[in-house]
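These are my notebook entries on charged and aromatic side chains, written while going through the model shown below.

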Amino acid sequence: QVQLVESGGGLVQSGGSLSLSCAASGIAFSLYTMEWYRQAPGTQRELVASILHTGMTNYVESVKGRFTISRDNAKTTMVLQMNSLKPEDTAVYYCHARRQGIGLSREYWGQGTQVTVSS
């Protein structure tokens, strides 16, 4: 059974920091691209950051220089360190795991964790 469990969300003031974690089980974690998405009320889910199995990272422009994504394959955990938070970062943050190859397509979602940034 595959599980992606997020933790670390909460309420923080503008300019503050939060660290989100995603603990994965039931998948060959080191082979998966791991991603953080977020969704604010009334908006589409947005890809925030991704980290490939190689360790290469990508970020949406709005969080570059403020957020850092990392992974620990031994602990099957992914972390999103969020600094200098802004009210517009308020959203539900979701952990996403995906793996694609010839004849193979897998993806899984966590349940989400709320991040609220007050002004």
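I looked up R66 and found it buried, at a relative accessible area of 10%; I use buried for under 20% relative accessible area, exposed for over 50%, and partly exposed for in between, with a 1.4 Å probe and protein chains only. I keep in mind that this is a predicted model, in which local features need pLDDT of at least 70 and side-chain atom pairs count only at pLDDT 80 or more, while totals for chains, interfaces and linings use all residues. I number residues from 1 along each chain as its sequence is written, and side-chain values use heavy atoms, with hydrogens and water left out.

Next I checked what R66 pairs with, and found a salt bridge to D89, the closest N and O atoms being 2.8 Å apart; the term stands for a side-chain nitrogen of Lys or Arg within 4 Å of a carboxyl oxygen of Asp or Glu. Because R66 lies in the loop between β6 (57-59) and β7 (67-72) and D89 in the loop between β8 and β9, this pair ties together parts 23 residues apart in sequence. I take strands (E, at least two residues) as DSSP runs, numbered from the N terminus.

D89 itself is buried, with a relative accessible area of 1%, and I found that D89 also forms a salt bridge with R38, where the closest N and O atoms are 2.9 Å apart. That second pair links distant parts of the chain, 51 residues apart, with R38 in strand β4 (residues 33-39) and D89 in the loop between β8 (77-82) and β9 (91-101).

R38 counts as buried at 7% relative accessibility, whereas its further partner E46, with closest N and O atoms 2.8 Å away, is partly exposed at 29%. I therefore noted R38, E46, R66 and D89 as linked in a network of salt bridges, and a search of the whole structure gave five salt bridges.

I then turned to the rings and found three aromatic pairs, a pair being rings of Phe, Tyr and Trp (its six-membered ring) with centres within 6.5 Å, stacked if the planes are under 30 degrees apart, edge-to-face if over 60 and tilted for the rest. Y32 and Y108 form a tilted pair, 6.3 Å centre to centre with 45° between the planes.

Ring pairs also join Y37, Y94 and W109 into a cluster. The charged end of R45 sits over the ring of Y94, 3.7 Å from its centre, and over the ring of W109, 4.6 Å from its centre, the criterion being NZ of Lys or CZ of Arg within 6 Å of the ring centre and within 35 degrees of the ring normal.

Methods: Helices (H or I, at least four residues) and strands (E, at least two) are DSSP runs, numbered from the N terminus.
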